[in-house]
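Open your viewer, keep the sequence panel at hand, and follow along one selection at a time. Each stop tells you what to pick and what you will find there.

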Amino acid sequence: MQQMKESAAQFFSLPLETKNTVAVRGDSIQGFGHHFSGASSDKLDWAECLLLFTHRVQDRNMDFWPSEPPTFRHALDRYSMEIARVTKRLLGFMAADLGVSDGDDAVKGQSMSMHHYPPCRRHRDKVVGIPPHTDSPALTLLLQVDDTPGLQIRRGGRWFPVRPMPGALLVNVGNILEVLTNGAYGSIEHRVVPDAERGRTTVVMFQDASADGLVGPLPELLGGDDARARYRSIGRDEYTKGHFVAVAQGTPFLHSLKK
Ligand SMILES: O=C(O)CCC(=O)C(=O)O
Ligand SMILES: [Fe+2]
């Protein structure tokens with residue numbers, strides 16, 4: 001964890017030319033330089049991001065994995081393996097909680113977004129770290145590299161700050177898990193507001209869940225009178241496309257799946 005934190009902080013402190021050696025290119029979504037404020041284009045992006053596929057191992061494209069700092073690749077490789085284990089256990093606990101089977105042992109897709117939000121001293125209302133969204137995959141594990149606040153969650157129409165806890169991982173339920181669990185575990189809307197004084201760096205791991213090519217409520221959870229499907233099932237590709245269109249338009253995708 002410590003090595004991952006240090007490698008992330010060191011990567012973002014490199015000169016832009018060095019970071020751009022792993023810049024997003026072609027039609028891949030991997031690489032450095034992502035912007036998320038498409039939907040709220042009246043605001044300026046106040047963030048840098050590096051996005052990489054970390055699992056399955058054969059899906060990795062090392063061209064996008066920074067060779068600087070020299071510790072980076074090893075740190076991410078180890079961190080990604082550890083996070084895969086932790087997420088599997090968490091999903092196992094949730095499955096037990098719901099009384100459904102725990103699935104197979106195959107490693108599902110995992111990706112990483114590393115973010116850096118520089119401080120913004122003036123006109124903070126004109127910038128955005130990450131605009132409001134819910135995460136697409138099953139579970140998100142977020143590691144704060146420093147203790148700068150910035151993450152906020154929305155409940156009942158109000159935004160609440162999530163205070164960083166040293167040594168803790170923040171677990172967020174994503175849309176897929178909400179659909180799979182038929183709403184038993186709900187995804188939560190969140191955003192990042194840059195701090196006035198201090199920069200903020202995070203390493204965010206997204207764990208996917210496979211549902212046999214289909215995203216829909218687990219059949220084991222349906223059947224009883226009060227257990228009708230609250231979401232329609234759609235193909236995995238259609239789900240992914242729908243999610244990205246919704247993000248670009250700033251609309252909540254899950255609503256379109258609700259029955
Ligand atoms: O950096 C953060 O605190 C949140 C990042 C996030 O929401 C995301 O990558 O989906
Ligand atoms: Fe997120």
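Select R200 and ligand 1: a polar side-chain atom of R200 lies 2.9 Å from an oxygen atom of the ligand, a polar contact, meaning a pair of N or O atoms within 3.5 Å (within protein, one must be able to donate a hydrogen and the other to accept it, and residues adjacent in sequence count only if both atoms are side-chain atoms). Before going on, note that this is a predicted model, in which local features need pLDDT of at least 70 and side-chain atom pairs count only at pLDDT 80 or more, while totals for chains, interfaces and linings use all residues. Residues are numbered from 1 along each chain as its sequence is written, chains are lettered from A and ligands numbered from 1 in the order in which they are written, and side-chain values use heavy atoms, with hydrogens and water left out.

**Around ligand 1**

Stay with ligand 1 and add T202, where a side-chain N or O atom is 2.8 Å from an oxygen atom of the ligand. Then add D135: here the distance from a side-chain N or O atom to a ligand oxygen is 3.1 Å. Now show the whole surroundings, which hold 13 residues, the closest being H115, Y117, H190, R200 and T202; a residue is included if one of its heavy atoms lies within 4 Å of the ligand.

**The iron ion**

Which protein atoms hold the iron ion, ligand 2? Select H133, D135 and H190: the donors are NE2 of H133, OD of D135 and NE2 of H190, lying 2.1 Å from the ion. Donors are N, O and S atoms within 2.8 Å of the metal (3.2 Å for Na, K and Ca), and because water is not among the atoms, sites may look incomplete. In the sequence panel, the donors follow the spacing H-x1-D-x54-H.

Is D135 buried or exposed? D135 is buried, with a relative accessible area of 5%, whereas H133 is partly exposed at 21%. Buried means under 20% relative accessible area, exposed over 50%, and partly exposed in between (1.4 Å probe, protein chains only).

**The annotated domain**

Next, colour residues 108–209, which an unreviewed UniProt entry lists as "domain: Fe2OG dioxygenase". UniProt positions are in the numbering used here, the feature name is shortened, and annotations may be inferred rather than shown by experiment. Over this stretch the chain is 6% helix and 44% strand, with the end C-alpha atoms 6 Å apart. Helices (H or I, at least four residues) and strands (E, at least two) are DSSP runs, numbered from the N terminus.

**The nonpolar cores**

Show L50, M114 and V203 as sticks; these have the most contacts inside the largest nonpolar core, which has 40 residues. Such a core is a set of buried Ala, Val, Leu, Ile, Met, Phe, Trp, Tyr and Cys residues joined through side-chain atoms within 4.5 Å. Helix α3 (residues 72–98) gives the largest share of this core, 5 residues. Apart from it lies another core, of 9 residues, among them A47, L142, V192 and V204.

While you are in helix α3, pick L90, which is partly exposed at 25% relative accessibility. Beyond its neighbours within four places in sequence, L90 is in contact (heavy atoms within 4.5 Å) with L139, L141 and V171. L90 and L139 are 49 residues apart in sequence, with 9.0 Å between their C-alpha atoms.

Now move to Q207 in strand β12 (residues 200–207). Q207 is buried at 7% relative accessible area, and its contacts more than four places away in sequence include A84, T87 and L91.

**Backbone oddities**

Most residues other than glycine have a negative phi, and most peptide bonds are trans. With that in mind, zoom in on the bond from H55 to R56, which is cis, with omega near 0 degrees. Another cis peptide bond joins E68 and P69, with omega about -5 degrees. Both R56 and P69 sit in the loop between β3 and α3.

For positive phi, try two non-glycine residues. H123, in the loop between β4 (110–117) and β5 (127–128), has a phi of about 55 degrees and is partly exposed at 49%. N182, in the loop between α4 (175–180) and β11 (190–192), has phi near 55 degrees, but N182 is buried at 10%.

**Last stop**

Finish at E220, in the loop between β13 (214–215) and β14 (234–235). A polar atom of the E220 side chain lies 3.0 Å from the backbone nitrogen of S101.
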